[in-house]
Amino acid sequence: MSNKRFWWVTSSLVLLAVFIRIYSASASRVESSYSTGIYPVFTSFLRILFGWLPFSSGDIFYGLLIGWLLWKFIKSVIALFRRRVTKQSFLRGTKKFVLLILSLYVVFNLFWGINYNRQGIAQQINLTIDTVIYNDLKQITFLLAEKLNSTKKYLVDNKVTYPSNSQLFKKTAAAYSKAKDSLPFLAYNHLSIKTSLWGWLGNYTGFTGYYNPFTGEAQVNTTVPKFLQPFIACHEAAHQIGYAKENEANAVGYLAAIYSGDSLLLYSTYFDLYIYASRGLFFQSYLNKDTAVMQEVRSKLSIEVKADIKELYEFYRRHKNPVEPLIREGYAFYLRNNKQPKGIKSYDEVIGFIVAYYKKYGRI
């Protein structure tokens, strides 16, 4: 690429990046014109384009991209050691890297990333989220324990079995379809939830699901315990319809599950929320010198629920490795740079939404 063309392309991308930053500075503007205007039409087009495929085209894209980047990295290291790196080749490589980063930034944001700056689900349902005080956290944890017991009892008593992957994904779409009747902005059209091709890798890097903004596909790691998967699918579908922040995707996934009335989705959702709430309660109980509370809440759980919790921790134990903390820290850095200052703990912030929802509606 000639210097003139490089600077023209680079300048154009920088101007686009600046425009995105300025446009995204107004949450109300993003909400009204992008998140509920341009984005739903665009993402529906992507789901029509790639959703019919029986495999995740986004996973193949990621695999090829990572493979290409590794190949280029190895090639560069070899050239460096063999002293084949000249000033010209270094400048060419730097130009390509700059263009790649700028292009990814612009495309990622135009395709989806601007949603990080929207007003979000709390504003849409007129919910005021305050700081969660200790007594509220304790109350909601006990309520979630009750919900866990009742939904698990229903599954056991009625001998409900977990569906196939494709059936689960259809259940997720059906849940959003029901939620849409009361909350029209949760409309989910054109199913495009896929089984992750990289689930085995996700077990060692800490990922249970993810959204690919370049293809509009949601991927679920179907190698994790079955009782986790329904809520993972609901969470990833929330990303698909434009809720980028992790706590918001959790909140929207929760709404889809409770409006569905589906026992499998409900149990999975309450299970996930209980883990967040009990984790917060564990730390807060020490600060409030209420160390007996965790033993009390655990004593409320049924044998079947305790068995699932044990299975989950055994799953994490089997896949524990020294690389995962590094991956998680890298992901936390990404979250903090996308309007989620608490990093990985952003997922837990859904409990603030649940507390506010309970105070307003008297149910969870």
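The exercises below work through one helix face, three salt bridges and one helix pair in a predicted model.

Residues are numbered from 1 along each chain as its sequence is written, and side-chain values use heavy atoms, without hydrogens and water. Local features need pLDDT of at least 70, side-chain atom pairs count only at pLDDT 80 or more, and totals for chains, interfaces and linings use all residues.

**Exercise 1.** Find which residues of helix α12 are buried and what covers them.

Step 1. Helices are DSSP runs of H or I with at least four residues, and strands are runs of E with at least two, numbered from the N terminus. Helix α12 spans residues 293-300.

Step 2. Buried means under 20% relative accessible area, exposed over 50%, and partly exposed in between (1.4 Å probe, protein chains only). In α12, V293, M294 and V297 are buried.

Step 3. Seen down the axis of α12, these buried residues fall within an arc of 100 degrees, so they line one face of the helix. The arc is taken from the directions between the helix axis and the C-beta atoms. Q295 and S299 are exposed on the face turned away from the buried side.

Step 4. Contact means heavy atoms within 4.5 Å. The cover over the buried residues includes α6 (134-157) and α11 (263-287).

**Exercise 2.** Locate the partners of D290, K194 and E349 in salt bridges.

Step 1. A salt bridge is a side-chain nitrogen of Lys or Arg within 4 Å of a carboxyl oxygen of Asp or Glu. The whole structure holds 11 salt bridges.

Step 2. D290 pairs with K138, with the closest N and O atoms 3.3 Å apart. D290 sits in the loop between α11 and α12 and K138 in helix α6, 152 residues apart. K138 is partly exposed, at 23% relative accessible area.

Step 3. K194 pairs with E217 at 2.6 Å between the closest N and O atoms. K194 lies in strand β1 (residues 193-195) and E217 in strand β3 (residues 217-220), so the pair ties together parts that are 23 residues apart in sequence. Both K194 and E217 are buried.

Step 4. E349 pairs with K342 (3.8 Å, N to O). E349 is partly exposed at 31%, and K342 is exposed at 52%.

**Exercise 3.** Describe how α1 and α4 cross.

Step 1. Axes are lines fitted to C-alpha atoms over the stretch in contact, with angles from 0 to 180 degrees between N-to-C directions. The axes of α1 (residues 3-24) and α4 (residues 87-111) come within 10 Å and cross at roughly 30 degrees.

Step 2. That makes α1 roughly parallel to α4, a term for angles under 35 degrees.

Step 3. Residues in contact include F6 and L13 of α1 and L99 and V106 of α4.

Definitions and conventions:
Parallel < 35°, antiparallel > 145°, perpendicular 65-115°, else oblique.
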